[in-house]
Amino acid sequence: MSCSNQNMLQVSVYETSESGNKLTEIKSFAAPSRDSIANVTLNPNQTFQKITGFGGAFTESSAYLLNKLSKENRDEIIKAYFSREGANYSLTRTHMNSCDFSLSNYSYTPVADDVNLEHFTIEEDMPDLIPMIKGAMAASEDGFKLFASPWTAAPWMKDNNDWVGGKLLPKYYDTWALFFSKYTKAYEDLGIPIWGFTVENEPHGNGNNWESMHYSPEEMTEFVQHHLGPKLEADGYGDKVILGYDQNRAGIKEWVDVMYATEESAKYYDGTAIHWYESTYEVFPEDLQYAHNKAPNKYLIETEGCIDAEVPVWKDDAWYFKKEATDWGWDWAPEDQKYLHPKYSPFNRYARDIIGCLNNWVDGWVDWNMVLDKQGGPNWFKNWCIAPIIVDPDKDEVYYTPLYYVMVHFSKYIRPGAEVIGVNNQNENLQITAAKNPDGSIAVVVFNEGDEAQDFNLALGEKLQPITISARALQTIIIPTN
């Protein structure tokens, strides 16, 4: 393939690969191996959703570990996630009350029958969680959005009087709505703006293992429509985003049908939150398309995903590219759903899922814990998982897994307000998404899951650039502003 310099598309290319590239800038490409190679043609005039952001979650576990590291390593990790030189995270999550990635069970409302929440306190968050968030705010030049999710109300508000399972008693719906308002004020009084909330983490529950509180779609919509929405509005927090559902994609149709059934039911919902644990490889495009079409002007955000049910592999990049990981469904899924949970490559799972989401109307993608230890905790339930950055606090060591670099490929280069654009991809071996940033630059993310390098021509208008992507690699290609 040859073209004149006037017709050459100017690009910067960054690659992470099984062969060892880690956001490595690729400055030259070998001549294509054949005369006719597939074109990947960008169409900036065909636009889809506007990007809200990419990022991860502030958890007590992550924050506690940061505080056990040297100041040098703590600062380095915060910069790796939040500085412009690092991942430049733009959309983040945290938990209200405790979750499985807390050190213990706790609530901001420890006094039973305190219906006016006169004893509300966020003192549990002061040693670790709040300093981590504040550190991130200091490191972030561009700022980021923060939303909060409860796993459960205090047991005294629930029909089973337990941290796990059960439902919120209707007599406490107003108290629980007040909880969200009190939380907002407490955090904002400390200088931490709250962008919004998900109503409940995983309202179907989690197999009654750790903190949870169950809702049906009708119960959640009743709470949002008649309690949470009006209370936030009355207290001056009507601008806070409320995301419904917040569990796996395969259940989304039932939820959006109820959430957006009428103008009244939909009024306080700003969007839908989803997780990825239904399958290790299936993106569920039809379900995502359905959710978008039901509420095309509302958010559709992936609020949690991680390599679950695995103890992290320490300082062995190769493992993250191998199909050896198993998830909860490998052991526990019903027989008719086990096919959704094969052994898989963690690197592939992240890359494939984020691209698949962006190509099906999802506007934000939020990872789970930012930092975990070599065991995959701390976690009071021993629900071990992997984070993009693993630390050994006893030896003050830090390991950036390949998953960290996957996140950077998207979060650093596709900025809030970017619009996903059309791509005509003629190479069936590649998965591709592209977005036009507010500054006019275009970011193209290309994933080659295969065992052989792939050649393609990237085309924009009359201009072309031949590009080679390594085997088992992720590339971000930046076309600068004209």
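Here is a quick tour of this chain, from its overall build down to a few residues worth a look.

The model is predicted, so local features need pLDDT of at least 70 and side-chain atom pairs count only at pLDDT 80 or more, while totals for chains, interfaces and linings use all residues. Residues are numbered from 1 along each chain as its sequence is written, and side-chain values use heavy atoms, leaving out hydrogens and water.

**Overall build**

You'll find 11 helices and 22 strands in the chain; these are DSSP runs numbered from the N terminus, with helices being H or I of at least four residues and strands E of at least two. The radius of gyration is 22 Å, close to the 23 Å that the globule rule gives for 482 residues, so the chain is as compact as a globular protein of that length. That radius is taken over C-alpha atoms, and the rule is 2.2 Å times the number of residues to the power 0.38. Along its principal axes, the C-alpha trace spans about 75 × 55 × 50 Å.

Of the 482 residues, 60% count as buried (under 20% relative accessible area, with a 1.4 Å probe and protein chains only). Among contacts (heavy atoms within 4.5 Å) with a separation of 6 or more, 73% come from residues 24 or more positions apart.

**Annotated domains**

UniProt lists two spans in unreviewed entries: a "Glycosyl hydrolase family 30 TIM-barrel" domain at residues 51–414 and a "Glycosyl hydrolase family 30 beta sandwich" domain at 417–477. Such annotations may be inferred rather than shown by experiment. Here is what the model has over those spans.

| Residues | Helix | Strand | End C-alpha atoms apart |
|---|---|---|---|
| 51–414 | 32% | 17% | 8 Å |
| 417–477 | 0% | 66% | 18 Å |

**A few residues up close**

L168 sits in the loop between β6 (145–150) and α4 (173–189), and is buried, with a relative accessible area of 5%. Beyond its neighbours within four places in sequence, L168 touches A153, M157, K158, Y173, W176, M213 and Y215. M213 is 45 residues from L168 in sequence, yet their C-alpha atoms are 7.0 Å apart.

Now for some backbone oddities. Most residues other than glycine have a negative phi, and most peptide bonds are trans. F284, though not a glycine, has a positive phi of about 60°; it lies in the loop between β9 (271–275) and α8 (285–294) and is buried at 13% relative accessible area. L23 also isn't a glycine, and has a positive phi of about 55°, in the loop between β1 (12–17) and β2 (24–26). Finally, G377 and P378 are joined by a cis peptide bond with omega about 5°, and P378 is in the loop between β13 (371–373) and β14 (385–386).

Terms used
Buried < 20%, exposed > 50% of the residue type's maximum accessible area, 1.4 Å probe, protein only.
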